[in-house]
Amino acid sequence: MLKPMLLKAPLKDYLWGGNRLRNEYGKESALDKVAESWELSCHEDGLSLVDSGENKGKTLASLLEGPGKEMLGTKAAELDYFPLMIKLIDAKKDLSVQVHPDNEYAWRVEGEQGKTEMWYVVDAEPGASLIYGFKEKISKEEFQQRIEDNTLLEVCNQVPVHKGDVFFIEAGTLHAIGAGILICEVQQSSNLTYRVYDYGRLGTDGKPRQLHIDKALDVTRLELPPQVSQTLMDIDIFPHMDVKLLADCEYFKVYHGRLQGDSAMHTGTDSFHCLTVLEGAVKLSGGGEKLTLSKGATAFVPAGLGTYQLQGQAEFILSKL
């Protein structure tokens with residue numbers, strides 16, 4: 001029988017991370033810092049574990065093999081890889097200025113899919129900002145020269161950030177999350193990052209972290225980034241919820257929901273749902289399973305489950321294909 005599943009996320013201790021994910025979002029870890037929590041992942045660099053029911057302790061990836069692949073839905077029927085990754089990211093310090101390749105380049109050069117992503121700003125300290133593309137169109141030659149003479153930041157588009165902001169980071173867009181920002185990221189299932197600038201920081205081995213200048217020059221879009229819009233959906237579609245459509249592209253569809261009571265949801269045969277709770281708590285029931293999702297918890301709801309129920313007072317991100 002198809003059942004919703006709680007997930008346990010692999011955690012990452014990158015040098016720029018803080019401890020809000022541990023202290024506020026319930027991520028238990030012996031790591032010194034918790035920079036990222038991979039809420040939904042079937043990537044070899046970090047696999048989500050099932051944290052409920054008879055499959056507790058198994059990787060989600062293992063359950064989606066063979067006949068289990070039907071739980072992804074028909075939109076993934078032709079894929080031989082899991083399409084999505086969802087993260088919570090706590091940037092205590094600035095991330096490197098970086099770029100991700102598109103599918104064509106990534107498959108040809110790296111042997112895996114590219115990376116288009118979306119950021120929902122869960123929280124931001126006063127005065128926080130991030131890098132989103134360039135201030136104006138530049139040439140490839142100028143881009144390379146500014147990397148070499150350490151003046152790249154002068155042409156980067158610095159954007160002030162506030163709670164609730166949304167950024168769509170299409171593959172090829174130069175970007176960097178700034179210090180003091182907590183983000184929920186929905187992305188293609190890829191761990192390809194080309195660092196362009198890293199503030200001269202040293203890694204755990206005492207050496208400067210690797211840069212990927214040649215590949216970045218190959219894939220970076222040098223024009224202005226696109227604007228991002230939010231669309232308030234008809235509240236009658238999801239009773240007792242205010243819902244915003246945050247992103248709708250060929251790789252994923254993402255909503256922000258604010259639940260105030262009870263609401264019936266539905267997964268058809270086309271796609272699974274993934275719910276990540278940002279505030280409050282949700283009771284989820286369906287397929288004979290009853291789960292409680294506290295702040296920072298994520299549940300995978302299989303395609304084809306049909307109707308399931310949500311109850312509580314909560315803010316969450318819902319992702320699907």
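Is His175 buried or exposed? At 1% relative accessibility, His175 counts as buried. The structure described here is a predicted model. In an unreviewed entry, UniProt lists His100, Glu117 and His175 under "binding site". These residues are spread over 76 residues of sequence, yet they cluster in space, with a largest C-alpha distance of 11.0 Å. The same unreviewed record gives Arg195 as "active site". The points below treat these annotated residues, the largest pocket, the cysteines and several individual positions.

**Annotated binding site**

- The lining of the largest pocket includes His100, Glu117 and His175, the residues that carry the UniProt annotation "binding site" in an unreviewed entry.
- His100 is located in the loop that runs between β8 (97–99) and α3 (103–110).
- With a relative accessibility of 2%, His100 is classed as buried, because the limit for that class is under 20%.
- Leaving aside residues up to four places away in sequence, His100 touches Lys115, Glu117, Ala171, Gly172, His175, Leu192, Thr193 and Val219. Two of the annotated residues, Glu117 and His175, are therefore among the contacts of His100.
- His175 belongs to strand β13, which covers residues 175–176.
- Beyond residues up to four places away in sequence, the contacts of His175 include His100 and Glu117, along with Trp119, Ile131 and Ile169. His175 also touches Ser96, Val97, Gln98 and Val99.

**Annotated active site**

- Arg195, listed by UniProt as "active site" in an unreviewed entry, lies in strand β15 (residues 194–197).
- One set of contacts made by Arg195 consists of Ser96, Val97 and Gln98. Arg195 also touches Arg209, Gln210, Leu211, His212 and Ile213, again with residues up to four places away in sequence left out.
- A polar atom of the Arg195 side chain is placed 2.9 Å from the backbone oxygen of Gln210.
- Ser96, Val97 and Gln98 appear among the contacts of Arg195, and they are listed for His175 as well.

**Largest pocket**

- The largest pocket holds about 590 Å³ of space.
- Its lining comprises 28 residues, of which Tyr14, Trp16, Glu36, Arg195 and Arg209 are the closest to the centre.
- Arg195 is thus found both in this central group and in the UniProt "active site" annotation.
- Strands β7 (84–91), β9 (117–124) and β13 each contribute at least two residues to the lining of the largest pocket.

**Cysteines**

- How many disulfides does a search of the whole structure find? The search finds zero.
- A disulfide is a covalent bond that joins the sulfur atoms of two cysteines.
- For Cys42, the closest cysteine sulfur is that of Cys274, at 10 Å, which is too far for a bond. The cut-off for a disulfide is 2.5 Å.
- For Cys274, the closest cysteine sulfur is that of Cys184, at 8.7 Å, and this too is too far for a bond.
- Cys42 counts as buried at 17% relative accessibility, and Cys274 is buried with a relative accessible area of 0%.

**Thr173**

- Thr173 occupies the loop between β12 (166–169) and β13.
- At 7% relative accessibility, Thr173 is counted as buried.
- A polar atom of the Thr173 side chain lies 2.8 Å from the backbone oxygen of Glu170.
- With residues up to four places away in sequence excluded, Thr173 touches Gln98, Val99, Tyr132, Gly133, Arg221 and Pro225.

**Backbone angles and accessible positions**

- Most residues other than glycine have a negative phi.
- Asn150 is not a glycine, yet its phi is positive, at about 60°. Asn150 is placed in the loop between α4 (140–148) and β11 (156–160), and at 56% relative accessibility Asn150 counts as exposed.
- Tyr199 likewise has a positive phi, near 60°, in a residue other than glycine. Tyr199 sits in the loop between β15 and α5 (213–219), and Tyr199 counts as partly exposed at 30% relative accessibility.
- Asn23 is part of helix α1 (residues 20–23) and counts as exposed, with a relative accessibility of 62%.
- Asn23 and Gly66 are 43 residues apart along the chain, and their C-alpha atoms are separated by 38 Å.

Conventions
Residues numbered from 1 in each chain as written. Predicted model: local features only at pLDDT ≥ 70, side-chain atom pairs only at ≥ 80, totals over all residues. Heavy atoms only, no water. UniProt positions renumbered as here; feature names shortened; annotations may be inferred. Helix = DSSP H or I, 4+ residues; strand = E, 2+ residues; numbered from the N terminus. Contact = heavy atoms within 4.5 Å. Polar contact = N/O pair within 3.5 Å; in protein donor to acceptor, adjacent residues only side chain to side chain. 1 Å grid on protein atoms, 1.4 Å probe; cavity = no way out; pocket = protein on both sides within 12 Å on 5 of 7 lines; lining within 4 Å. Buried < 20%, exposed > 50% of the residue type's maximum accessible area, 1.4 Å probe, protein only. Points joined across faces, edges and corners; volume = space filled by probe spheres on them.
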